[in-house]
Amino acid sequence: MSYRGVIDRYRAYLPVTDKTPVISLCEGNTPLLRASKLAQWIGAGKLNLYLKLEGMNPTGSFKDRGMTLAMSKAVEQKTRAVITASTGNTSASAAAYSARVGVRCIVLIPGGAIALGKLSQAVMHGADVLSIDGNFDDALRLVREISDQYPVTLVNSINPYRIEGQKTASFEIIDELGEAPAYQFMPVGNAGNITAYWKGYLEYQKHGKIRQLPRMMGVQAAGAAPIVRGAPISNPQTIATAIRIGNPASWKQAVAARDESGGGIDTVTDDEIVEAYKALASLEGVFCEPASAASVAGLKKYACLHPDFAASQETVACILTGHGLKDPDRALASVAKPKNVKADLKAILNELKLG
Ligand code: AN7
């Protein structure tokens with residue numbers, strides 16, 4: 001039978017009944033790609049390194065896994081409108097699923113701070129997009145207040161159905177590898193996704209599908225690293241706008257995932273993020289957004305600090321949370337611009353130096 005999305009595939013593990021309408025765009029079932037050249041670039045050529053390509057979801061990010069469930073439950077509960085604060089990907093996903101089922105979608109975004117592709121998605125899918133004079137944390141505070149007072153359903157990852165849907169990514173990794181990776185590196189922003197992956201791993205362990213749990217390795221941008229610093233950051237800064245978050249909603253759960261798994265959460269600089277972003281694209285043919293590349297930058301930093309790990313054959317998964325096409329401006333700012341050449345064979349051959 002053909003693939004029909006994460007609710008259909010993992011129904012037994014999700015809080016749905018026969019009465020839940022399934023609102024799906026056929027999300028999930030994303031590739032898990034071996035990346036041996038990248039492992040060499042990291043300085044850990046023997047690692048069994050995999051990339052989980054979450055940018056291959058229908059709206060180009062992992063948010064679709066949670067949104068299919070949040071939206072299905074919202075419709076089951078007869079909601080007419082959903083609301084979300086977003087650094088971009090949540091708004092793109094909420095807008096798409098809302099369009100599909102015909103509910104109103106309200107989005108608050110930090111003004112001037114979300115990537116072009118994400119903004120175009122929210123607008124194209126017909127959401128009411130309000131760009132506020134404030135950052136993501138301000139937007140989240142406002143949408144929480146609005147959803148407390150008005151009949152609109154909050155679809156940020158504070159919504160437990162978002163976490164339930166997103167945990168299916170762990171299931172996919174295990175179903176494919178037959179075990180959990182020893183380490184999983186992933187970006188951390190509002191910290192819903194690390195919470196969801198950890199929940200997924202624990203559930204599969206409970207069902208006897210794995211013997212060993214992975215170490216959960218979170219990565220924050222150095223200028224937006226409240227969990228690493230141990231205090232909220234009022235003015236977070238990073239080129240990885242998806243994770244430009246100063247006061248994560250699922251802070252405690254992220255710390256629990258880190259500590260229970262024997263993992264860690266560390267920072268990477270914007271320069272390290274861009275380096276990993278370019279290496280993924282040029283060495284592996286994988287174009288992810290900057291926030292996603294933070295996972296690989298974090299792995300590289302960890303390998304540099306831990307030579308035994310770098311020399312090992314451990315199985316490692318890096319979660320590439322969003323597609324590179326989300327943020328074309330950053331891509332073009334990170335590499336040399338195309339050369340302008342006259343439409344003339346001689347001039348072109350002169351440039352190409354083919355032989
Ligand atoms: C590509 O869209 O918070 O730690 O509002 O878009 O679960 O927040 C996006 C977050 C990583 C961090 N990678 O995940 C939003 C939003 C990408 C992201 C994260 C986000 P969380």
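Colleague: By its relative accessibility, does Ala191 count as buried or exposed?
Modeller: Before answering, I should say that this is a predicted model, in which local features need pLDDT of at least 70 and side-chain atom pairs count only at pLDDT 80 or more, while totals for chains, interfaces and linings use all residues. Residues are numbered from 1 along each chain as its sequence is written, and side-chain values use heavy atoms, with hydrogens and water left out. Relative accessible area is sorted with a 1.4 Å probe and protein chains only, into buried (under 20%), exposed (over 50%) and partly exposed in between. Because Ala191 has 5% relative accessibility, it counts as buried.

Colleague: About what phi does Ala191 take?
Modeller: Ala191 lies in the loop between strand S7 (183-187) and H9, where helices (H or I, at least four residues) and strands (E, at least two) are DSSP runs numbered from the N terminus. Ala191 is a residue other than glycine, yet its phi is positive, near 75°.

Colleague: Which loop residue that is not a glycine has a positive phi of about 55°?
Modeller: The residue sits in the loop between helix H1 (6-9) and strand S1 (32-34). With a relative accessible area of 44%, it is partly exposed. The residue with this positive phi is Asn29.

Colleague: How many residues surround the ligand?
Modeller: A residue is near the ligand if one of its heavy atoms lies within 4 Å of it. The closest are Asn89, Thr90, Asn190, Ala191 and Thr321, and the number surrounding the ligand is 23.

Colleague: Which residue has a polar side-chain atom 2.6 Å from a nitrogen atom of the ligand?
Modeller: A polar contact is a pair of N or O atoms within 3.5 Å. An oxygen atom of the ligand is 2.7 Å from a polar backbone atom of Asn190, and a polar side-chain atom of Ser86 lies 3.0 Å from an oxygen atom of the ligand. The contact to a nitrogen atom, at 2.6 Å, is made by a side-chain atom of Thr321.

Colleague: How much of the ligand's accessible area does the protein cover?
Modeller: Accessible areas come from the Shrake-Rupley method with a 1.4 Å probe. On its own the ligand has 470 Å² of accessible area, and the part covered by the protein is 99%.

Colleague: Which elements give two or more residues to the shell around the ligand?
Modeller: Tyr204, a buried residue with a relative accessible area of 1%, is found in one of these elements, helix H9. The elements giving two or more residues to the shell are helix H9 (192-206) and helix H4 (89-101).

Colleague: How many residues of helix H16 are buried?
Modeller: Just after H16, Lys353 takes a positive phi of about 45°. Helix H16 has 8 residues, 345-352, and it lies largely in the open, because the number of them that are buried is 0.

Colleague: How far apart in space are Tyr150 and Val286, C-alpha to C-alpha?
Modeller: Tyr150 lies in the loop between helix H6 (136-149) and strand S6 (153-154), and it is exposed, with a relative accessible area of 52%. Tyr150 and Val286 are 136 residues apart in sequence, and their C-alpha separation in space is 42 Å.

Colleague: Which cysteine has the sulfur closest to that of Cys288?
Modeller: Cys288 is buried, at a relative accessible area of 2%. A disulfide is a pair of cysteine sulfur atoms within 2.5 Å, and by this rule the count comes to 0. The closest cysteine sulfur to that of Cys288 is 9.7 Å away, too far for a bond, and it belongs to Cys318.

Definitions and conventions. Polar contact = N/O pair within 3.5 Å; in protein donor to acceptor, adjacent residues only side chain to side chain.
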